[in-house]
Amino acid sequence: MVDELLERRVARYLRDVAAEVPPSRFSEYFAYPGTEAARDDFVFLPDRSKDDWARVLGHGELLRFKAGDLVIRAGDDDRALSIVIDGSLEILLPNARGEQHRYGTIEPRSVIGEMAFLDGRPRAATIRALTDGDILRLSFESFEVLSARHPELGRAILLDLGRILAARLRQANDVIARHTH
Amino acid sequence: MDRPLFPNFMQMTPRLPRRAWDALRAVSFAAALALCISLLVEPRVGLFLFWGLLIPLVPLLFFLAPGFWRNVCPLATSNQAPRRLGLQRSRSLPAVVRAYGFLIPVAAFLALVPARKVLFDSNGVALGVLLLVMLALAFAGGVAFKGKSGWCSSFCPLLPVQRVYGQTPFLVVRNSHCEPCVGCAKNCYDFNPHVAQLADFADDDPYRGAYRKIFAGALPGLVLAFYTTSAGTGWGILEMYGRFGVFVLGGIGAFFLLDSLIRVSSASLAVFFGAVALDLYYWFNWPLLAERIGDAEPAWFVWPARAAVIALSAVWVVRTLRKERRFVEDVAAPAPVRLGPGADAVLDEAAHAPRPEVTIMPDEHRIAAVAGSTLLELVERHGVPIEAGCRMGMCGSDPVCVVDGAEHLSPAGDEERATIERLGLAGTTRMACCARVSGAVTISLEPQRAEHAATAADVAPATDPEIEHVVVIGNGIAGITAADHIRRRHPGCTIDVVTRERYHLYNRMAITRLIYGRSALQSLYLMPEGWYEDNRITTWLNTQVSAIDREARRVSLGTGESIPYDRLILTAGSRNFVPPIAGFGAPGSFVLREAEDAMRLRGFAQEHRSRRAVVAGGGLLGLETAYALKKFGLHVTVLELGASVLRRQLDERGGTLLKRYLEGLGIELVLEAQAVSVEADPRVTGVTLADGSTIETDLFVLSAGITPNVEIAHEAGLETGRGVIVDDGMRTSDPVIFAAGDAAEYKGSVSGLWPSAVEQARVAAFNALGGDERYEAVPPVTMLKVTGVELTSIGRVEAESDDELELAFEDVAEQRYRKLVLAEGRIVGAILLGYPLEAAGVVAAVKAGTDVRPSLERLQAGDWSVLRNQEQAAQEAVA
């Protein structure tokens, strides 16, 4: 989701390098009809069956949130992978003066929390609900249970998250490379 | 869904219907033609209209409502006419034009402005021809190239101006030309006006941003050159372009200089340059406009108008910079991770399926639960700290207060209610592990104390007034249960509890949590603070019993003191059995029986940065220990003497499935392995097995069963075997001495289990006061407290003769396994691995000794719902 590298990226962008933003994100603003970029890099478990998704669901818990709820609090030790089922949320990060700033929104059917899930470190950002909705939360312990019962699915989840993070890292590396050469 | 941060035109609502725009376009096109004609026919009027009114006001229009202009611009109308008429050939622009295309309008604009001075300002015919040529070019571009790429989005000399000033419209007007959008231009202004300019600066192709920089840098110089160059100097064309060139290049130079020096983004700098150019433009233009429309000198509105434009541009700068910040924040935010297509149906169903809502106070976590889950599972899964022990409602570690919706929980059974009573908690309390959810429930993790402790009210009064002193040796669950029952039935006697341990009663079943948990012993205490005092129970912690003097009825303590008893209850428990293993005892070798053991182990592992652990013993405690060590972060290997794990609780198939699961969790299991020696240097470095192989390890934990503590009883002359031998009234061979729990041997066996200890202690206390209760051994129910195992094992797990029946089912896909052992039509044993919802019913049927022969066919077919009904019937009978 959001991590230190990202915070550094933000700081850098906010300072002076808007021009160094990787294209993949803003190309969404120019998603011309019929040319929507296929963003397979950022699709989680693209090929898994309904049965496998039912297993993921069965090992997670479904949480209801109301608009305004803090679904994730920065600094919390909460090693869970979450999937937004319904509703929109916003990512908040404190700026230098400690004020919370919106830093992107999260739409339904997306994954959040994959960083803390993998490295077990405290949450970097606060996530606040903009609307009512549901979230599926898979704690790390539940994931361990899932992968002990279904090792192949567990392996697929880890590999896929790794692949997504690698894609992100590549983007970040591109940015850094462009900025430093 | 939310409105996007920067909506594209397809996401905007039109302000006017397309027909209205067509009408406006027709009017403006006709006006443009009329203007051209007047320039040719009556140049003075045309020049005045064009340079005097239109050109001074158009930048303001670009600034305030750029979309309006782009919808009604006659050039755009001309460009789009072929498309509307079906004449467009829809070619893409050549690559070279796409790469350098933006330089064409920039060059045209920079060339045309100075040309005003020498030609177009004064020559109406030239201007008229120029405009007609532009209309024709726009049309031709429209015939050749797709969308608006033939003119508006590529070549129009006003496009660069519009991209600068139109990036934060005060009034957003939706593009009404492109129906549908054909994606003809990169970072298209008409597609997404708010981000088109920023997108160029942010583009992968650095040249796009550079062209924007050049143009923004050029603008102030161009304006300054224009208004400081008099047309009447008689300069030639070259001199005129030379002068303009100096100003323009000066501006561009200033831009690149500042861009390098100041820590402001290029896009922001371009905004400042644009604002300065606009302010300069109107600074010079208002007086000229005033001159043209009237001869009042000085015009009253010049200064207010200049101030207004400066103020407006300041507002625009602020808005644009804020928008840039939002854009950057949004762009820098990580790309969202979407779900594969298989997820949709499953998640839709989950979102819409009725699910009971469980709210956990005080933080109001709202969980949409799966009906049938226990409150404990829900709370644990949610990551809210809660203790857990037996998971059968007996140990009392997980009381919760039901704030609302108690009727939506499965009713409490006898054992659970006895536990709540022992804890002295209010009627709103449930043991989280027992309460299964069927509807909306609100709970709090802070149980309420009962207003009046449920003590002597419903029990027989003291039976024997002769009994003044009761001594209990041991403060495990047997000892404290005995003391509790003595006190309830005999308010008057003294009760002394003597224990070797340093702590009050804690949840022994949960001591493995002391290895990986953060809260040390504090959270494991089972009795509320003040319980001992309230019940006038004197506890002697860290005190050893040195002898029992049965003649004098006194217990001698290791401290030299002695206490008298009329009744003595022995609940000294057991210790770990330690088989002969050479080297066992070296630092790093442990047993795990008491809280102290677990805390020492955690301390040792931290101090010596242990990485690996070997647990000898694949029984319940051995596996739970292995899991705790794994959670602590160690690589764990379990050694099991036999051919499978949990041999007392599982058959071979069940053992195989469990082994596979544990291995999936990352615990290594070695079967038929016997540790013969522990290698140490001086701390443990490895374990050598009987086959000669050695496993490297930093910790060695032995879990090889228990040895009851019988030495004191034996020395006192009581009859002992493995434990202190008792009859079914829990009496030892001395009628005033009773025994219960791990220390007691009943019918040749030592149970070693919590539920038996509780029941034996109750019987012992009752009988010690002169009652006559009988202990009935029930088939033991055990669970493996390893996350995700969901194992309940009851009684005998294998048939012992041909007359007995085994019904076993395996669900291979979900790796679940269930089995019943039937003898004489009754269930005498069961294995439920992965069937948490079935467990209570099977346990109820076993305990009740239900004759299942009437439903044998269904059971044989795998339909065990009849057993679930059994549980309900039992609970309804209780309720």
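**Exercise 1. Find the contacts of B:I486.**
Task: In this predicted model, which residues is B:I486 in contact with, leaving aside its neighbours within four places in sequence?

Solution:
- Start at B:I486 and set aside the neighbours within four places in sequence.
- Going through what remains, you should find B:V470, B:C493, B:I495 and B:I569 in contact with B:I486.
- Complete the set with B:A765, B:A768 and B:L769.

**Exercise 2. Place B:I486 in a core.**
Task: Which residues touch the most other members of the largest nonpolar core, and which helix gives the largest share of this core?

Solution:
- The largest nonpolar core has 116 residues, and B:I486 is among those that touch the most other members.
- B:L375, B:V555, B:L568, B:L570, B:L820 and B:L867 complete that group.
- Next, look for the helix: α24 of chain B, residues 754-768, supplies the largest share, eight residues.
- Now turn to a second core, separate from the one above: this one has 59 residues, including B:C73, B:L75, B:I252 and B:A275.
- As background, nonpolar side chains tend to be buried together in soluble globular proteins.

**Exercise 3. Examine B:N475.**
Task: Is B:N475 buried or exposed, and which polar contact joins its side chain to another side chain?

Solution:
- First locate B:N475: this residue sits in the loop between β7 (469-473) and α17 (477-489) of chain B.
- B:N475 counts as buried because its relative accessibility is 5%, and the cut-off for buried is under 20%.
- The side chain of B:N475 makes a polar contact of 3.0 Å with the side chain of B:T499.
- That of B:N475 also reaches the backbone oxygen of B:Y503, at 2.9 Å.
- Beyond four places in sequence, the residues B:N475 touches include B:I480, B:V497, B:E501, B:H504, B:L505 and B:L541.

**Exercise 4. Describe the interface of chains A and B.**
Task: How many residues of each chain are in contact, and how many salt bridges are counted between chain A and chain B?

Solution:
- Count the contacts: 70 residues of chain A meet 70 residues of chain B.
- For the area, about 6500 Å² is buried between the two chains, and carbon and sulfur atoms give 57% of that.
- On the chain A side, A:Y29, A:R64 and A:R109 lose the most area to chain B, together 13% of what that side buries.
- The salt bridges number seven; one of them links A:R55 to B:E814, with the closest N and O atoms 3.0 Å apart.
- For polar contacts, the rule finds 21 residue pairs across the interface.
- Helix α3 of chain A (residues 50-59) gives the largest share of the side that touches chain B, seven residues.
- Finally, sort the residues of that side of chain A: 38 are nonpolar, nine polar and 23 charged.

Technical notes: Residues numbered from 1 in each chain as written. Chains lettered and ligands numbered in written order. Predicted model: local features only at pLDDT ≥ 70, side-chain atom pairs only at ≥ 80, totals over all residues. Heavy atoms only, no water. Core = buried A, V, L, I, M, F, W, Y, C linked by side-chain atoms within 4.5 Å. Buried < 20%, exposed > 50% of the residue type's maximum accessible area, 1.4 Å probe, protein only. Helix = DSSP H or I, 4+ residues; strand = E, 2+ residues; numbered from the N terminus. Contact = heavy atoms within 4.5 Å. Buried area = accessible area lost by both parts, 1.4 Å probe. Salt bridge = Lys/Arg side-chain N within 4 Å of Asp/Glu carboxyl O. Polar contact = N/O pair within 3.5 Å; in protein donor to acceptor, adjacent residues only side chain to side chain. Nonpolar A, V, L, I, M, F, W, Y, C, P; charged D, E, K, R; others polar.
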